[in-house]
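Hi,

Here is the structure I promised to pass on. Have a look at it first, and then read my notes below with the picture open.

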Amino acid sequence: MARTPTTILHLLVTLVCILSTSARTSAYSSDVVVDAFLGCLSADIPPSLIYTPANNSYSSVLLSSARNLRYALPEPDTCTRPLVIVAATKPAHVQTTVLCGRRHSVHVRTRSGGHDHEGLSYASVDPHRRDFAVLDLAALRAIDMDASRAEAWVGSGATIGELYYAAAATNRTLGFPAGSCPTVGIGGHLSGGGFGVLSRKYGLSADNVLDAVVVDAEGRLLNRSTMGEDLFWAIRGGGGESFGVVLSWKVRLVPVTETVTVFSIRRRRNESAVDLITKWQAIAPALPRDLYLRVMVQNQQADFVAQFLGRCSSLVDTMRGHFPDLGMAEQDCQEMSWVKSTVFFFYGTADLPPEVLLNRSSNPYYHLKVKSDYVQEAMPRHAWESIWSNWLEKPEASTSLLQLDPYGGRMGSISPSATPFPHRNYLYQLQLYAVWFDDDDDNNRTAALELEKRMTSWVRGAHDDVTPYVSKNPRAVYVNCRDLDLGTNELDGNVTSYAKARVWGEKYFNDNFNRLAAVKSKVDPHDFFRNEQSIPPLPAS
């Protein structure tokens, strides 16, 4: 999406915000401790890789992968920018940043792709929390493929799209189970579990991690054998930025068929969309594992989107046997390579070349608020009618999205405690995305804030309406759909309060939260790696 004049104005607002913050906190920024931290960094890291608010490139680096403008463009009074951005280009830079941060009481947040829905990898929503630096891992993006072993080492700064492209370039029958958005960073995606189109066949992204390289709170470089199985367990789904900085991941590549079939069938409300969604709930999780069938409702139409590891003729037979009401026919099919199917799932067309997966800036800048839920029993038809009437026909829904991702298959055959991600036995995941862009009134800050209020009210209202039909005690949430409405951390002395963190933590992790806190106590007892929703140390009994 081309930048409009209003987008440019927003960027100027950001710069004003940064300069305003710099002016208001000049006393703090010139503090001996901060100067000492910068001096410590510069001893081992080239000055060209260190950005402070006084640097002309600071704002552009900060915005380089800040996907959600809700946190890139806040009100000046709530700007919470990092003291420093370190654009690490090798492991030693990460180690130095951690060691210097420990020495001078500057906490570290880590950014790989910048898709954190609440912006916590590059900003703080707490105006008093200014004691942090950002480690930007975008340059740590090497991908080393071993096709003979169907394995790869992937830098945390690489994107999902780059991994997909590299796997297919090595062997067109190799893929990886991960998400649909190609610009998501591998580091954040794997840290939260990583669900995607192949997950019903092969499990989560994190289920296919074999090893990792981590810089811990002591600045040590660890792999699976030296970090131990507890930490290795925690980083594969326990959320980012709590246990250390993961530099790279060794992943298992998975076999895909040489020919993959996709389709996209759209139905409006007067074309039985509500009936089809109601039936989809029981059908999609029970389909053969080679078939993934998602529903996306946007602009008052339901889009049934499928990927099948096989040819069209087999897919037609499968759909006729399992979901005849959808009316899928041979003319709906498109046969292609697996890597082209990943292009189709994001862009909605297979006419683009696979090279678009390498475009790290293909996402437009947007404003975003997300809610996620899990459904165990199919929602009744009248509930879908109500949701459609009350929310999906509102003006706010024209750019927003309701997405239904089926589980079942491999997802349900893995223990909920195998990784920190516990939500394996549900029928499907429901996600509500409120998305809005710059409009003609955005040069009026009051109008922009009113638009944000309307859009967040829409997503919260729709989320409230599905409450009777989703998981309970706790109401489960996917950590990669981070939601600060669940609660934020508070300090208990010098560390994060375990009692406060449990409020949101058990919704992300269920019973695994306690084990995550125990790992935190072991590897980072002083709570160096922390943010508004980081794992706290487990209190001593």
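Let's start with one residue: arginine 482 is buried, with a relative accessible area of 9%. Keep in mind that this is a predicted model, so everything here was computed from it.

What does arginine 482 pair with? Its partner is aspartate 116: the two form a salt bridge, and their closest N and O atoms are 2.5 Å apart. This pair links distant parts of the chain, 366 residues apart. Aspartate 116 sits in the loop between β3 and β4, while arginine 482 is in the loop between α16 (445–465) and β19 (491–492). Aspartate 116 is buried too, at a relative accessible area of 14%. The cut-off for buried is under 20%, so 14% for aspartate 116 falls below that limit.

**More salt bridges**

That pair is not alone, since a search of the whole structure turns up 38 salt bridges. One of them joins the side chains of aspartate 136 and arginine 111, at 2.7 Å from N to O. Aspartate 136 belongs to strand β4 (residues 132–136) and arginine 111 to strand β3 (residues 107–111), so this bridge ties together parts that are 25 residues apart in sequence. Are these two buried or exposed? Both aspartate 136 and arginine 111 are buried.

Another one to click on is the salt bridge between the side chains of glutamate 385 and arginine 269, which is 2.5 Å from N to O. Here glutamate 385 lies in helix α15 (residues 381–392) and arginine 269 in the loop between β12 (260–268) and α12 (273–283), so the parts tied together are 116 residues apart in sequence. Arginine 269 is partly exposed, with a relative accessible area of 28%.

Some salt bridges share partners, and in that way Arg70, Glu118, Lys369, Lys371, Glu452, Arg460, Asp483 and Asp485 are joined into one network.

**A sheet to trace**

Next, find the open sheet of seven strands. Its order is β15-β12-β14-β13-β17-β18-β16, and the pairing is antiparallel. Which strands are at the edges? They are β15 (334–336) and β16 (367–375), each of which pairs on one side only. On average, neighbouring strands in this sheet are turned by 20° against each other, ignoring direction.

Within it, β13 (residues 291–298) and β14 (residues 301–308) pair in the antiparallel sense over eight bridges. If you want one bridge to check by eye, arginine 294 has valine 305 in β14 as its bridge partner. As background, strands of a sheet pair through backbone hydrogen bonds, either parallel or antiparallel.

**Zooming out**

Now for the whole protein chain, which has 18 helices and 20 strands. The domain assignment gives domain 1 (32–136), domain 2 (143–255) and domain 3 (260–336). The centres of domain 1 and domain 3, taken over C-alpha atoms, are 44 Å apart.

How far does the C-alpha trace span along its principal axes? About 70 × 55 × 50 Å. A compact globule of 541 residues would have a radius of gyration near 24 Å, and the protein chain, at 23 Å, agrees with that. Of those 541 residues, 59% count as buried.

One last number: take the contacts between residues at least 6 apart in sequence, and 76% of them join residues at least 24 apart. The salt bridge of aspartate 116 and arginine 482 is a nice place to start looking, with its 366 residues of separation.

Enjoy exploring!

How values were computed. Residues numbered from 1 in each chain as written. Predicted model: local features only at pLDDT ≥ 70, side-chain atom pairs only at ≥ 80, totals over all residues. Heavy atoms only, no water. Domains from an automatic or database assignment. Salt bridge = Lys/Arg side-chain N within 4 Å of Asp/Glu carboxyl O. Helix = DSSP H or I, 4+ residues; strand = E, 2+ residues; numbered from the N terminus. Buried < 20%, exposed > 50% of the residue type's maximum accessible area, 1.4 Å probe, protein only. Pairing = 2+ DSSP bridges. Axes fitted to C-alpha atoms, helices over the stretch in contact; angles between N-to-C directions. Rg over C-alpha atoms; globule rule 2.2 N^0.38 Å. Contact = heavy atoms within 4.5 Å.
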